[in-house]
Amino acid sequence: MAIRRTVSLAAMMLAMGSVPAFADMDAAKKWIDSEFQPSALSKDEQIKEMEWFVKAAEPFKGMEVNVLSETIPTHEYESKVLTKAFEEITGIKVNHQLLGEGEVVQAVQTQMQTNRSLYDGYVNDSDLIGTHSRLQSAVNLTDFMAGDGKDVTSPTLDIDDFMGKSFTTGPDGKLWQLPDQQFANLYWFRKDWFDRKDLQEKFKAKYGYYLGVPVNWSAYEDIAEFFSKDVKEIDGVQIYGHMDYGKRAPDLGWRMTDAWLSMAGAGSKGLPNGRPIDEWGIRMEEGSCNPAGASVSRGGETNGPASVYAIAKWDEWLRNYAPPGAADYDFYQSLPALSQGNVAQQIFWYTAFTASMVAPKADGNNTVDDSGTPL
């Protein structure tokens, strides 16, 4: 979360509001029992942590925090459930607004450009880490938590336990954002279909190797073709060998730059991003987050062979192997698409947080069995 520097310490994330009468440990205990389970902490440890929150929040009771994030299931839960819990426990009201990803980025840019505090905090992609570091327009969390914000930083907060901390640390070595969420890029497939002996034999007869998790793009394409063109139907349902989305929208561009191009080899090796060419195919100046060029003529790779190959395959697979209508999906429409149960696999599936994929079969999720176990 990047918190704006344009407000004072006392009002950094807060504005005046009403005080709930039950902002105390009774509320905390209620939430521990009803919502904050299961937990890596024991209930006694949770109680001690909540006691700290209640005490630390006393000077700020009745104030409000305005936060903006994109509309995905994890943030919907934060907006509807965790804000209510936080208010009842601390007496601080959190207005957690949800907008599309492009609108969130636009709000961040507008606030930085105008120096007007539109929101007190943002949950935004760490792609903006270089901007935060260069412009110094967000709160430097490393210095803040050790300095002015020490009294409002939980003593049990374990920064080193966060996944993705390297992605939110600037070239200055300072932490500019807390990794609030993580897109785990996965290969997703229907293991129950892959395990069928009849399909394994049919695949081996055609391609000369065994059906299994692909280790390269060519094998992925073989599997996509096999299920879409050869198998065609399972249990009376037409099936497809691939899933993706293609509607013109900001999230489609970010799908390409977030990793699609680099999976094909567009960036240099290395973590958290390749050097000197990052995962977007942009050449970076040595030792900085300053872009030097994106095109091949300027030392980048965005229009290089790997990028061209990646875009060509995205288009080809979407047209030939994905369900009808997939080309008109955007990121948000594609989230529950796999739960229909008519797709064999998806390369680069980064929506593991999608609640529809763990919903019971009775709710229309056809990727789980009757007991709710993923297929």
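Let us start at helix α1 (residues 25-34), where Met-25, Ala-27, Ala-28, Trp-31 and Ile-32 are buried. Here, buried means under 20% relative accessible area, exposed means over 50%, and partly exposed lies in between, with a 1.4 Å probe and protein chains only. These buried residues cover an arc of only 155° around the axis, which puts them on the same side of α1. The arc is that of the directions from the helix axis to the C-beta atoms. On the other side of α1 you will find Asp-26 and Ser-34, which are exposed. The buried residues of α1 pack against α2 (43-57) and α3 (73-90), where a contact means heavy atoms within 4.5 Å.

A word on the model: it is predicted, so local features need pLDDT of at least 70 and side-chain atom pairs count only at pLDDT 80 or more, while totals for chains, interfaces and linings use all residues. Residues are numbered from 1 along each chain as its sequence is written, and side-chain values use heavy atoms, with hydrogens and water left out.

**The whole protein**

The protein has 12 helices and 11 strands. Helices (H or I, at least four residues) and strands (E, at least two) are DSSP runs, numbered from the N terminus. Along the principal axes, the C-alpha atoms fill a box of roughly 70 × 55 × 30 Å. Of the 375 residues, 44% count as buried. Among contacts with a separation of 6 or more, 66% come from residues 24 or more positions apart. For one pair far apart along the chain, look at Asp-192 and Leu-375: they are 183 residues apart, yet their C-alpha atoms are separated by 5.6 Å. Asp-192 sits in helix α7 (residues 191-194) and is partly exposed, with a relative accessible area of 27%.

**Helix α4**

How far apart are the end C-alpha atoms of helix α4 (residues 101-114)? They are 20 Å apart, which agrees with the 20 Å that 14 residues should span at 1.5 Å a residue; the expected span is 1.5 Å times one less than the number of residues. Glu-101, Val-104, Ala-107, Val-108, Gln-111 and Met-112 are buried in α4. Seen down the axis, the buried residues fall within an arc of 130°, so they line one face of the helix. An α-helix has 3.6 residues a turn, so residues three or four places apart point the same way. The partners of this buried set are β3 (63-70), β4 (93-99), β5 (121-123), α5 (129-135), α10 and α12. Just after α4, Asn-115 takes a positive phi of about 60°.

**Cavities**

A cavity is a set of points on a 1 Å grid over the protein atoms alone where a 1.4 Å probe fits but cannot get out, and lining residues have an atom within 4 Å of a point. Grid points are joined across faces, edges and corners, and a volume is the space filled by probe spheres set on the points. There are three cavities of 30 Å³ or more.

| Cavity | Volume | Largest share of lining |
|---|---|---|
| Largest | About 70 Å³ | β11, three residues |
| Second largest | About 60 Å³ | α10 (250-263), three residues |

The lining of the largest cavity includes Met-243, Arg-255, Phe-331 and Tyr-350. By class, this lining has seven nonpolar, three polar and one charged residues. Nonpolar covers Ala, Val, Leu, Ile, Met, Phe, Trp, Tyr, Cys and Pro; charged covers Asp, Glu, Lys and Arg; the others, Gly among them, count as polar. The second largest cavity is lined by Glu-101, Asp-125, Phe-183, Asp-251, Trp-254, Asp-258, Phe-331 and Tyr-350. They divide into four nonpolar, no polar and four charged.

Key: 1 Å grid on protein atoms, 1.4 Å probe; cavity = no way out; pocket = protein on both sides within 12 Å on 5 of 7 lines; lining within 4 Å.
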